[in-house]
Amino acid sequence: MNKQIFQAIKEFIPENRLFTKLEDLYSYSYDASFGQYLPDLAVQPIDAEEISKIVKLANTFLVPIYPRGSATSLSGGSLPVEGGIILDMSQMSKKLVIDKENLLAIASPGVITANIHQEAEKVGLFYPPDPSSSHVSTIGGNLLENSSGPKGLKYGTTKEYVIGLEVVTPTGDIVRTGGKTVKNVTGYDLTRLIVGSEGTLGIVTEVILRLIPKPKARKTLLATFGQLVDSGYAITNILSNGILPAAMELMDNSCIRAVENYQPTGLPLDAEALLVIEVDGHPLTIDEEIKACEEICLSVGATTVKVAKTDKERDEIWKARKMVSPAITQLGPTKISEDATVPRSQIPAMMERLKEIREKYNLTLVVFGHAGDGNMHPNIITDKRNKEEMKRVENAVSEIFEAAVQLGGTLSGEHGIGILKAPYMEMELGKAGLELMRSIKQAWDPNNILNPGKIFPKPGITKVVLTD
């Protein structure tokens, strides 16, 4: 990296927020996905003005910038694939205002998402998006990946709740989009364009979130199935019967066994799948809905159905689901996490395709996720040192994406594209669709400064490459 830009940044950023030592840079070289890339410099800005100055310098010296929250990205969203500058947004976490009268939250990008949940609930309000990493992930990272979580089935994703932003543009201007009103049709909806853009179109420095009243009650059940496909039929039948649960979570047998080995909770090891179903709303309504869910599960072949009678029992049910990610990492040193998503009616077919892929490539492929909205999480547990197996993993990942698109689905429901799914973008969008996105990126970021190497595939690359 040009020494001139480093000297220029030192003029307005103190040394305690600048990192150049190799041991520090290595801590910024990875996220929760696959791969490792070393930045040249890491900076911890504290406001939009500092970021604006850095971005303007980056344009002058043509140095790439990579915004980074808590680095929980599963698609490589914050990886500095071309070196350059990491913008560590963790110090921008001081502002969190809950506006009860207007049902809003106003937050700095480095605020931990779980803190928004907690502060909203203190005044009887509710922020629905709840990715499994919400206790460590930041709201800035969540909105740039358009995260959701289990409650996305009923309440939607982050983009439904972001109504205003302060953003530093790729050329260093500070702009505001949207505002504090729920209705706003003044010009293009730039807010929604930025949400889910993975840091390629702007650096978010403040966010305005819409909140809703907290549901009065909730009921949760756990159903187990002898056949994985039967759990898929339970999901589609519940939804087609006019019931919209707050969450419908799936775990396959490999997940069940991993959780029981990691932290036993009494799950049946012979079950091929289990569903966690939660309904919320008015107490009288949810009593009817949870009973209907129980009956439907039994009618399609559920072997057991347990409805939680207390908060403690509910917490025990959810504990099993939340233990999946840490539990499956015990199966091998390398975890490839995907989130191919299909229409709800195609859930059983996608489950069958995943089973075929697992057997074809002889891999440890576990399936869990937000099955109610078709957002499956096929995870392949492997060892990146085993080059022969990693080649099989590459082929399996490609077939997972192909299966999702063939079934009318998408490459990603909430993890983003990053670097891992970029080679498949044209397969879903077509050449013209992908070029339209490229033209937006080029118009906003003519020097390709912000998060280069993400979303758009490199020329000639049509498959994910996980081996050297």
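I take a nonpolar core to be a set of buried Ala, Val, Leu, Ile, Met, Phe, Trp, Tyr and Cys residues joined through side-chain atoms within 4.5 Å. The model I am reading is a predicted one.

**Entry 1, the cores.** I looked up the largest nonpolar core and found that it has 63 residues, with Leu250, Cys297, Met350 and Ile380 making the most contacts inside it. Helix α14, residues 387–406, gives the most to this core, namely 8 residues. I then followed Ile380 and, leaving aside its neighbours within four places in sequence, found it in contact with Thr334, Lys335, Ile336, Leu363, Thr364, Leu365, Val393, Ala396, Val397 and Ile400. Apart from the largest core lies another, of 24 residues, and I noted Ile116, Ile194, Val195 and Leu209 among them.

**Entry 2, helix α4.** Ile116 took me to α4 (residues 113–122), where Thr113, Ala114, Ile116, His117 and Ala120 are buried. Seen down the helix axis, these buried residues fall within an arc of 155°, and therefore I record them as lining one face of α4. They pack against β5 (96–99), β6 (104–107), β7 (125–126), α5 (139–145) and β10 (203–210). Just after α4, I noted that Gly124 takes a positive phi of about 80°.

**Entry 3, the surface.** I next looked for nonpolar side chains on the outside, and found that Tyr188, Leu190, Leu193, Leu436 and Ile440 form a surface patch with about 510 Å² of accessible area together. Helices α7 (190–194) and α15 (425–444) each supply at least two residues of this patch. I checked Leu193, which lies in α7, and entered it as partly exposed because its relative accessibility is 33%.

Notes:
Residues numbered from 1 in each chain as written. Predicted model: local features only at pLDDT ≥ 70, side-chain atom pairs only at ≥ 80, totals over all residues. Heavy atoms only, no water. Patch = residues over 30% accessible without salt bridge, like charges linked within 9 Å, V, L, I, M, F, W, Y side chains within 5 Å. Areas by Shrake-Rupley, 256 points an atom, 1.4 Å probe, with all protein chains shown as cover. Salt bridge = Lys/Arg side-chain N within 4 Å of Asp/Glu carboxyl O. Helix = DSSP H or I, 4+ residues; strand = E, 2+ residues; numbered from the N terminus. Buried < 20%, exposed > 50% of the residue type's maximum accessible area, 1.4 Å probe, protein only. Arc of directions from axis to C-beta. Contact = heavy atoms within 4.5 Å.
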